[in-house]
Amino acid sequence: PTALNTAFNGSYPAFGVDKAGTSPVIGQLFSFNVAKVGGDKHGLMTWGAGSSAEVLPYKGFIGAGTHGILAGNGSTINAQGANCSNAGGHGIYAGHGSIINAVNAILQNQTNGNARIALSGGAYIAAHNANITGGTAPVFSQAVNTLTSGGIIYQ
């Protein structure tokens, strides 16, 4: 995490995509060597309308400082089966009209943060069959299958 020191849209992700760009497919499981350090250090961050990324099943980011996977401002991420365990804030977070496919995602052993899967600002997350074993952090930031001002999380 100390190597993540280049600002990207106000954060410090290991991988960042904006301006309607597309990330290379993430086909590796990364582990932060100092887990949960906070400081807006994310595994993957997409930002802005048209920006997108894909994380293959069982690949992803373990022990991310703040968010394992973050989609913001109308971006999309396909993280079906992705591993975002033990994050410092949220394993998976979507904000401001963004969409994340987190079906079968792995969010184990999280003890920090207010939810393993969270959203705000009219976002959408599909999280059927998420693996949430271990840890003490709440699973969802709001009631599932219920549309709120934050958006909707389908389980």
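Reader: In which loop is Ser 98 found?

Author: The model is predicted. In it, Ser 98 belongs to no strand of its own but is placed between two of them, β8 (residues 90-95) and β9. The place asked for is the loop between β8 and β9.

Reader: Is Ser 98 buried or exposed, and at what relative accessible area?

Author: A residue counts as buried under 20% relative accessible area. Ser 98 meets this cut-off and is buried, because its relative accessible area is 0%.

Reader: Which backbone nitrogen does the side chain of Ser 98 reach at 3.3 Å?

Author: Two backbone nitrogens come into question for this side chain. That of Ser 75 lies 3.2 Å from a polar atom of the Ser 98 side chain. At 3.3 Å, the side chain reaches the backbone nitrogen of Gly 72.

Reader: Which residues is Ser 98 in contact with, leaving aside neighbours within four places in sequence?

Author: Contact here means heavy atoms within 4.5 Å. Gly 72 and Ser 75 are among the residues that Ser 98 contacts. The full list is Ala 71, Gly 72, Asn 73, Gly 74, Ser 75, Ala 123 and Tyr 124.

Reader: Where is Gly 48 found, and which residues does it touch beyond four places in sequence?

Author: Gly 48 sits in the loop between β3 and β4. Its relative accessibility is 17%, so Gly 48 counts as buried. Beyond four places in sequence, Gly 48 touches Gly 72, Asn 73, Gly 74 and Ser 75.

Reader: What distance separates the C-alpha atoms of Gly 48 and Leu 29?

Author: Along the chain, Gly 48 and Leu 29 are 19 residues apart. In space, their C-alpha atoms are separated by 25 Å.

Reader: How many helices and how many strands does the protein have?

Author: Read along the sequence, the pattern is β-β-β-β-β-β-β-β-β-β-β-β. The count is 0 helices and 12 strands.

Reader: What is the strand order of the open sheet that has β1 and β10 at its edges?

Author: This open sheet has 5 strands with parallel pairing. β1 (15-18) and β10 (117-120) each pair on one side only. On average, neighbouring strands of this sheet are turned by 10° against each other, direction ignored. The order is β1-β3-β6-β8-β10.

Reader: Which residue of β3 stands opposite Val 17?

Author: β1 and β3 pair in the parallel sense over 4 bridges. Val 17 has its opposite residue in β3, and this is Thr 46.

Reader: What is the bridge partner of Thr 46 in β6?

Author: Strand β3 (residues 44-47) runs parallel to β6 (residues 67-72), and 4 bridges join them. Elsewhere in this pair, Leu 44 stands opposite Ile 69. For Thr 46, the partner in β6 is Ala 71.

Reader: Why is β6 largely enclosed by the rest of the structure, and how many of its residues are buried?

Author: Burial is counted under 20% relative accessible area. β6 is largely enclosed by the rest of the structure because its buried residues number 6 of 6.

Reader: Which residue of β8 stands opposite Gly 72?

Author: β6 and β8 pair in the parallel sense, and 5 bridges join them. Gly 72, whose backbone nitrogen the side chain of Ser 98 reaches, stands opposite a residue of β8. That residue is Gly 95.

Reader: Why is one side of β4 and of β12 left without a neighbour, and what is the order of their sheet?

Author: β4 (52-54) and β12 (151-154) stand at the edges with a single partner strand each, so one side of each has no neighbour in the sheet. The twist averages 5° from one strand to the next. This open sheet of 5 strands, with parallel pairing, has the order β4-β7-β9-β11-β12.

Reader: Which residue of β9 stands opposite Ile 77?

Author: β7 (residues 76-78) and β9 (residues 99-101) run parallel and are joined by 3 bridges. Opposite Ile 77 in β9 stands Ile 100.

Reader: What radius of gyration does the protein have, and why does it agree with a compact globule?

Author: The C-alpha atoms fill a box of roughly 40 × 35 × 25 Å along the principal axes. For 155 residues, a compact globule would have a radius of gyration near 15 Å, and the value of the protein agrees with that. The protein has 13 Å.

Reader: What share of the contacts between residues at least 6 apart joins residues at least 24 apart?

Author: Of the 155 residues, 50% count as buried. Among contacts between residues at least 6 apart in sequence, the share joining residues at least 24 apart is 64%.

Technical notes. Residues numbered from 1 in each chain as written. Predicted model: local features only at pLDDT ≥ 70, side-chain atom pairs only at ≥ 80, totals over all residues. Heavy atoms only, no water. Pairing = 2+ DSSP bridges. Helix = DSSP H or I, 4+ residues; strand = E, 2+ residues; numbered from the N terminus. Axes fitted to C-alpha atoms, helices over the stretch in contact; angles between N-to-C directions. Rg over C-alpha atoms; globule rule 2.2 N^0.38 Å. Buried < 20%, exposed > 50% of the residue type's maximum accessible area, 1.4 Å probe, protein only. Polar contact = N/O pair within 3.5 Å; in protein donor to acceptor, adjacent residues only side chain to side chain.
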